[in-house]
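This report goes through one protein chain, from its overall make-up to a sheet, a pocket and two single residues. The sequence and structure come first.

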Amino acid sequence: CSSVQNPTGPKLVIGQEKGSLIVKCHYGSSWKTYTKYWCQGPDWKSCRTLVTTNSEQLVKKDRVSIKDNQKSLVFTVTMENLRRSDAGTYWCGIERTGVDPGFEVNVVIDPGKNSSLMYHTAVDLLWPPYARTVGTPACTRTSPLNSVFFQILVFLELPLLLSMLSAVLWVNRPQTCSENQ
């Protein structure tokens with residue numbers, strides 16, 4: 001399984017509800033003229049194709065668009081007017097005879113502006129390899145969202161850390177005194 005041949009991209013993408021997100025899927029030069037696509041679903045073999053392209057023209061279907069740049073060897077997927085139901089597993093795929101090469105992308109939808117900053121900061125501090133790096137090819141099938149460590153960190157330790165931070169900020173807040181005469 002060669003990362004030069006198979007598509008790669010971000011393992012985790014975070015978009016804000018009602019906003020948009022962009023995913024860049026990179027591929028090797030041998031895939032230049034092949035059809036590229038974006039599909040949704042936890043299982044690579046049965047994911048639902050949302051949009052495809054076999055040229056450098058922008059193709060848009062509903063709230064999703066795809067554009068291939070064969071000079072840069074990257075196809076770009078844009079999802080607009082995001083909904084919470086858009087969260088889940090997606091795949092950058094390349095159509096070929098036999099098994100299609102693909103790359104798993106986990107999409108998280110952030111429901112509010114304040115939690116977005118906090119979530120991005122937490123992801124950057126605690127899991128830099130997952131936050132903004134190009135991942136491994138799909139044949140490894142690893143996902144940080146599926147690991148027990150990640151789930152414990154997000155659902156148990158992160159809320160505890162944020163609670164402790166809130167308590168420290170509350171205790172150290174500026175005090176105002178009023179004198180009674």
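## Surface and overall make-up

Accessible areas come from the Shrake-Rupley method with a 1.4 Å probe. By that method the accessible surface of the chain comes to about 11100 Å², and carbon and sulfur atoms hold 56% of this area. The model is predicted. Of the 181 residues in the chain, 39% count as buried.

The chain contains three helices and nine strands. Along the sequence the pattern is β-β-β-β-β-β-β-β-β-α-α-α, with the strands written before the helices. Among contacts in the chain with a separation of 6 or more, 60% are between residues 24 or more positions apart.

## The four-stranded sheet

An open sheet is formed by four strands in the order 2-7-6-5, with antiparallel pairing. Strand 2 (21-26) and strand 5 (59-61) each have a single partner strand and stand at the edges, so one side of each has no neighbour in the sheet. From one strand to the next, the twist averages 15°.

In a regular strand, side chains alternate between the two faces of the sheet.

## Two hairpins

Strand 5 pairs with strand 6 (residues 64-69) in the antiparallel sense, over three bridges. One of the paired positions is Lys-60, whose bridge partner in strand 6 is Ser-65. The two strands form a hairpin with two residues between them. In its turn, Asp-62 has a positive phi of about 55°.

Strand 6 also runs antiparallel to strand 7 (residues 74-79), and six bridges join the two. Here Asn-69 has Val-74 in strand 7 as its bridge partner. Strand 6 and strand 7 likewise form a hairpin, with four residues between them. Leu-73, in the turn of this hairpin, has a positive phi of about 60°.

## The second largest pocket

Rolling a probe the size of a water molecule over the atoms shows where empty space is left. The second largest pocket has a volume of about 190 Å³. Which strand gives the largest share of its lining? That share, three residues, comes from strand 4 (residues 48-53).

The lining includes Arg-48, Thr-49 and Leu-50. Lys-61, Asp-62, Arg-63 and Val-64 are also among the lining residues; of these, Asp-62 is the turn residue with the positive phi in the hairpin of strands 5 and 6. Gln-40, Met-79, Asp-86 and Tyr-90 line the pocket as well.

## Two threonines

Thr-78 lies in strand 7. Is this residue buried or exposed? Its relative accessible area is 17%, and the cut-off for buried is under 20%, so Thr-78 is buried. Leaving aside residues up to four places away in sequence, Thr-78 touches Leu-21, Ile-22, Arg-63, Val-64 and Ser-65. Of these, Arg-63 and Val-64 also line the second largest pocket, and Ser-65 is the bridge partner of Lys-60.

Thr-8 lies in the segment before strand 1 (12-16). With a relative accessibility of 9%, Thr-8 also counts as buried. How far apart are Thr-8 and Gly-102 in sequence and in space? They are separated by 94 residues in sequence, while their C-alpha atoms are 7.8 Å apart.

Conventions. Residues are numbered from 1 along each chain as its sequence is written. This is a predicted model: local features need pLDDT of at least 70, side-chain atom pairs count only at pLDDT 80 or more; totals for chains, interfaces and linings use all residues. Side-chain values use heavy atoms; hydrogens and water are left out. Buried means under 20% relative accessible area, exposed over 50%, partly exposed in between (1.4 Å probe, protein chains only). Contact means heavy atoms within 4.5 Å. Two strands pair if DSSP finds at least two bridges between them. Axes are lines fitted to C-alpha atoms, for helices over the stretch in contact, and angles run from 0 to 180 degrees between N-to-C directions. On a 1 Å grid over the protein atoms alone, a cavity is a set of points where a 1.4 Å probe fits but cannot get out, and a pocket is an open set with protein on both sides within 12 Å along at least five of seven lines; lining residues have an atom within 4 Å of a point. Grid points are joined across faces, edges and corners, and a volume is the space filled by probe spheres set on the points.
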